[in-house]
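Please find below a short reviewer's note, set out as numbered points. It is best read with the structure in view.

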Amino acid sequence: LQMLEQQVVGGEQAKNKDLKEKHKRRKKYADERRLQLVAALQESNEDSSERVLLNVYDSIQEEVRAKSKMLEKMQEKLRAAETEIKDLQLEFGLEKMDYLSTIRRQERDLMLCQQLLDQVQSLVRRDCNYSNLEKIRRESVWDEESGCWKIPEPLIQKTHLP
């Protein structure tokens, strides 16, 4: 009777190891999925868990009230998000204006320095290495540690005639 029962309970596939293995894998996957859903529900807040779970209502008025309440919450979230977007856009606009004014000021300072160099270059002696600004620019090196340019020392090249 026991042998007959074992054959009937599993049917024709009672001794099929592949089918048993397939059932074990499905059960393991279902258990993992269930644990993931439980973890997701625990992590989510009250509002999102209401959207995940299926609600059962006693009357249409109760359903309308519940959905209206949820709609109001969503509208409040939308208003908060829109306000935050406007604040961020305003802040971005102010930063942009500040950057543009900084760039303009730096361009003016650069033009001043360039004009000063042009005026002073003609006053530098011809036998000094600073008489050729392009050569000085090529020989200058940016120092990352100190955050400034290392420029060559001024040298006066004296030539002696025999």
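1. W142 counts as partly exposed, because its relative accessibility is 39%, and partly exposed is the class between under 20% and over 50%. This value, like the others in this note, is computed from a predicted model.

2. Which class does W149 fall into, buried, partly exposed or exposed? At 53% relative accessibility, W149 counts as exposed, since the cut-off for that class is over 50%.

3. The structure contains one aromatic pair. Its two members are W142 and W149, arranged edge-to-face, with the centres 5.5 Å apart and an angle of 70° between the planes. The label edge-to-face applies because planes over 60 degrees apart are counted in that way.

4. A further residue to examine is S140, which lies in the loop between α5 (133-139) and β1 (141-143). S140 counts as buried because its relative accessibility is 14%, and the limit for buried is under 20%. For the protein chain, buried residues amount to 7% of the 162 residues.

5. What does the side chain of S140 reach? Its partner is the backbone oxygen of I136, at 2.7 Å. When neighbours within four places in sequence are left aside, S140 is in contact with W149, K150, I151 and P152. W149 therefore appears twice in this account: it is in contact with S140, and it forms the aromatic pair with W142, while counting as exposed at 53% relative accessibility.

6. Attention may now turn to the surface. L90, L94 and M97 form a nonpolar patch there, and together they have about 330 Å² of accessible area. M97 is placed in helix α4, which covers residues 60-121. M97 counts as exposed because its relative accessibility is 55%, and the class requires over 50%.

7. How many helices and strands does the protein chain have? There are five helices and two strands. Read from the N terminus, the order of the elements is α-α-α-α-α-β-β.

8. Two values describe the protein chain as a whole. The chain exposes about 15500 Å², of which carbon and sulfur atoms supply 57%. Of the contacts between residues at least 6 apart in sequence, 26% join residues at least 24 apart.

Methods:
Residues numbered from 1 in each chain as written. Predicted model: local features only at pLDDT ≥ 70, side-chain atom pairs only at ≥ 80, totals over all residues. Heavy atoms only, no water. Helix = DSSP H or I, 4+ residues; strand = E, 2+ residues; numbered from the N terminus. Buried < 20%, exposed > 50% of the residue type's maximum accessible area, 1.4 Å probe, protein only. Polar contact = N/O pair within 3.5 Å; in protein donor to acceptor, adjacent residues only side chain to side chain. Contact = heavy atoms within 4.5 Å. Areas by Shrake-Rupley, 256 points an atom, 1.4 Å probe, with all protein chains shown as cover. Phe/Tyr/Trp six-rings, centres within 6.5 Å; stacked < 30°, edge-to-face > 60°. Patch = residues over 30% accessible without salt bridge, like charges linked within 9 Å, V, L, I, M, F, W, Y side chains within 5 Å. Salt bridge = Lys/Arg side-chain N within 4 Å of Asp/Glu carboxyl O.
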